[in-house]
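User: I've got a model open and I'd like to know what backs up the labels people put on it. Can you walk me through a few?

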Amino acid sequence: MMKPGTIILYTAARFLVPLQLLFSVFLLLRGHNEPGGGFIAGLVAAGAFTLYLFTFGAAVTRDLMRVDPRNLIGIGLFIGMISVFPAAFQGQAFLTAQWWPIMLPGGTELKLSTPLIFDIGVYLTVVGATMTMMIALTEAEER
Amino acid sequence: MQLAVLVIYLAALITPWLFVQHQHRTAYIMALVPAALTIWFATHIPMIAGGEVFIQEYQWIPGLDISLTMVLDGLSLMFALLICGIGTLIVLYAGAYLKGNPAQNRFLVILLAFMGSMLGLVLADNLITLFVFWELTSITSYMLIGFNHQSAEARKAALQGLIVTVAGGLALLCGLVMLASMAGSYSIQEILNTPETLTEHPLFVGMLICLLLGAFTKSAQFPFHFWLPNAMAAPTPVSAYLHSATMVKAGIYLLARLQPELGESGLWTVLLSSFGAMTMLTGAFMAVRSTDLKKLLAYSTIMALGTLTLLIGIGTETAMIAFAAYLLAHSLYKGALFMLAGIVDHEAGSRDVTLLGGLRKNLPLTAILVAVAALSLAGIPPLFGFVAKELLLEAMLDGAFHSFIFVFVMVASIFVVTVASVIALRPFFGAFKAPKAEKDIHEPPKAMLAGPIVLVLLSLVAGVIPGTVGNWVTLPASNAVAGNVVDGYLALWHGLNLPLLLSGISITLGLLLFKYWDTFRNRLKVLDPIIARGPERGYFWFMDAIVWVAEWQTHILQNGSMRNYLRTIVLVFVGLTGYTLISRYQLHWNWDVDLYFHEFITVGILVAAAIAACVTRSRLGSVAAMGAVGFSVALIFILFSAPDLGITQILVETLTVILLVLVLFRLPGFSNVSTTRERIRDAVVALLVGVLIMFLIMITIDVQLFEPISGYMIENSYTLAHGRNIVNVILVDYRALDTLGEIFVLALAAMGVYAMIKFNPATSPGANHYAGTLILEEKKLAEKDIIHSLEEIHQKMLEDQNIISVGAMNNRNSDEDGDEEQETLASSYDEDRDHDDSQAAKRLEDDERGKKDAAQSDEEGKKS
């Protein structure tokens, strides 16, 4: 049911995938100030899952993702749309950024905002869309 | 007034729920809505008659000057009363007519939606709003005409009506936009009150033609009249409502509405009079030829619509008085006659007058009603039709060029008398003739008779007291059409004058013609070949031409070859952009550029990889070369300080290469299908694009058309958007709407790829394509293929590499039967095992088939 892989790939994937996923979240969150952002982070995460896909096959990757990538697209678009409305309720134009900075104990400022929500939506959509294609293609290959 | 329209739409919305409980009685409940609105509009009569105009403002899209402002003046009020009043009767009638039809609730929903749209149309003050309602009536009428959608004839008629009216609607939209740009406002009230005359404007002729195309197609004027008789495929309530009193009069309404502003133009007068007269004559002539009751009525409706257009074209005060009176009279008797024709059809089983006769004993009330309504149609006192006809003749005699129009009107009135006699006498007198047995024919239910009774009584009452009706209803409408207060009155008896004499002549001649109707009709058959070459031929020719052009251009542009598409797109791009570049801008050669050594190296790799991708003879090689190109580009991005772009490029490149590798196996073997000449041509095309892009970049560096917005973005990135990474701030804040659109496109693309793979029987044998929904069969794996844990994967991997022999693995499994974890997993799968086995067998078969398909497509690929 799976492609013949090498033991190097198999071992590497088990260590790299969590790191890559973590890195993608890092990229997502720092995106507003440093190179990064939802789109890039989404591609990194998709890359991580693809590595897993190549190593262990589609069924196991689906298992790892827990969410059907198709649903991920929908969730992503939905979250993206959510960020559209807060501004409208304030009487501003759609998509105008809203900021709710929170001071955490220890002097760290947590900048919650609609662009962040939007970025998360982009992230999920990118992961979902890429993985939908990848898994579909792999499954077609495996048959 | 906005509320009035909304109420009807809401009624349409709740109809399906009511229908579940009340079945055909829903119609009787729903009739209350238009009935209440009729009363509400009727309460406005005294004020409107006193010269008041009600305006209710409501903003819709203020930035585009589009509002939902509604205006109630004499003309709107008369139309509103007709729409709601006749609408009430039609809904009642439909309740009984379609009783037991399972699609009746659909019918009521569309009928009410149409009613709301029509009401919105006559009340709207904004040209764009008017257009929206105009198109809504077209769409709802399409669904109503095609109500019996199992019948090919109904579908064809509905489509024809839709195409003709919507094509006209398109022209109308152009006309309305031109009108608004000329007058400087989209509000009809403001346009009518604008002091400057529009006739001198250079756009005037174009605007007028576009407007008239819209109005003429909607109101079935010659040469677009052919769709109306065909639309008789609709159920009778639809014909009675849409094709007598409401929709076809929308075009007339628009003409009447704009008459005060445009009526001064000579062109307006000439076009309206000539097309109106032509339509009138065509309608009357075609009516006399017909034997189907509904066709008779439809053609006489075309005649009436032509008369109304003609009256607007004449444009004198008398003509305006006649216009309003004629419109009211026609709506009353024609609505009644259509409903009665439906009753005859419903009860006797046919609408063909040659197949009917002597029904007066079985349908006494219907016979009387038809007779009275037909008297109004023929214009015989004391009915309102007579008053209207007298005014019409008077207006003709006053008119500017009465000589030839006068002949047309006389011929038409003679024919109409004949038509009226045919409708009133043929089915009801003489020997009994009907497809149904005599004892089965009886009067219809009360709900079906209510409409005709009310309308016929109104015709009669209005004929007896024309002065009152005139003062309260039609004269205010005439005032609105004329744009000033008209001086006139409606009366049954105008004294012994020329119109009365002409009326008498036309009635006598008409009756004479009726006597010899059958012979006359047979004689007219000589003309059949000419009629067959009528405007409808033009319609079919036009439709064929559209299909032919579509086929031709698809053949040229969409021939299925990817390279052809690319070449077309690229060459068009090069042609247009290149032309603009050369004609507008000057190129400055600037070779004075400092390049570092590593930049040379990167560019060198880039060029080498690109060339390698072109000349390589293996797929994998070209994929790798393309990857190298991508990564070099990413390197260049990073070198020129665009890290975000660089990262994105690398990631996209990586995933693209992976995707390509995945599909690589699906592609047919590498083969050279193009000749050397083709390859040289492709190389030239590619070089052209490359050179063009180079020029573009050089010019963007050289020429600055606008102040770059990047300055603003850099300045405000941190202060306004709280982000130091400008690229990301642009993505999620400055241009968030673009990004939103992009992620939707991305989602759609993913769905497209998914569908392409999963809908393909070769790649997805289990897919169920039933009813357009994609239901994937759960993929069943053979027991040996199921992997329960990562540990097992490890085992399998070792096995594949012959580190552990297959036998050893099996032994190991059987040894570990005692292992707790393993056992729970195994048992949970045991439950499904029986099921799985049968599935596995099936899957094997499917696999076989899939492989065969793939092999076949491979071969085909090689051949081509």
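Analyst: Sure, here is some reasoning on a helix, a core and a contact between chains; bear in mind that this is a predicted model.

User: How do you know that H13(B) has the span expected of a helix?

Analyst: Helix H13 of chain B runs over residues 248–262, which is 15 residues. At 1.5 Å a residue the expected span is 21 Å, and the first-to-last C-alpha distance is 21 Å, close to that.

User: What makes H13(B) largely enclosed by the rest of the structure?

Analyst: A residue counts as buried if 20 or more other C-beta atoms lie within 10 Å of its own. In H13(B), 14 of the 15 residues are buried, so the helix is largely enclosed.

User: Why is the largest nonpolar core said to lie between two domains of chain B?

Analyst: Domain 1 (1–258) and domain 2 (265–515) both give residues to this core, so it lies between them. The core has 210 residues, and Ala325(B) is among those touching the most other members. Helix H16 (317–348) of chain B gives the most, 22 residues.

User: Which residues is Ala325(B) in contact with, beyond its neighbours within four places in sequence?

Analyst: Contact needs C-beta atoms within 7 Å. The partners include Val387(B), Leu391(B) and Thr474(B).

User: And how many residues does each chain bring to the contact between A and B?

Analyst: Chain A brings 47 residues and chain B brings 47 residues. On the chain A side, H6(A) supplies the largest share, 15 residues. That side divides into 27 nonpolar, 14 polar and six charged residues.

Terms used: Residues are numbered from 1 along each chain as its sequence is written. Chains are lettered from A and ligands numbered from 1 in the order in which they are written. This is a predicted model: local features need pLDDT of at least 70, side-chain atom pairs count only at pLDDT 80 or more; totals for chains, interfaces and linings use all residues. Helices (H or I, at least four residues) and strands (E, at least two) are DSSP runs, numbered from the N terminus. The expected span of a helix is 1.5 Å times one less than its number of residues. A residue is buried if 20 or more other C-beta atoms lie within 10 Å of its own, exposed if 12 or fewer, and partly exposed in between; C-beta atoms are placed from the backbone. Two residues are in contact if their C-beta atoms, placed from the backbone, lie within 7 Å. Ala, Val, Leu, Ile, Met, Phe, Trp, Tyr, Cys and Pro count as nonpolar, Asp, Glu, Lys and Arg as charged, and the others, Gly among them, as polar. A nonpolar core is a set of buried Ala, Val, Leu, Ile, Met, Phe, Trp, Tyr and Cys residues joined through C-beta atoms within 7 Å. Domain bounds come from an automatic or database domain assignment.
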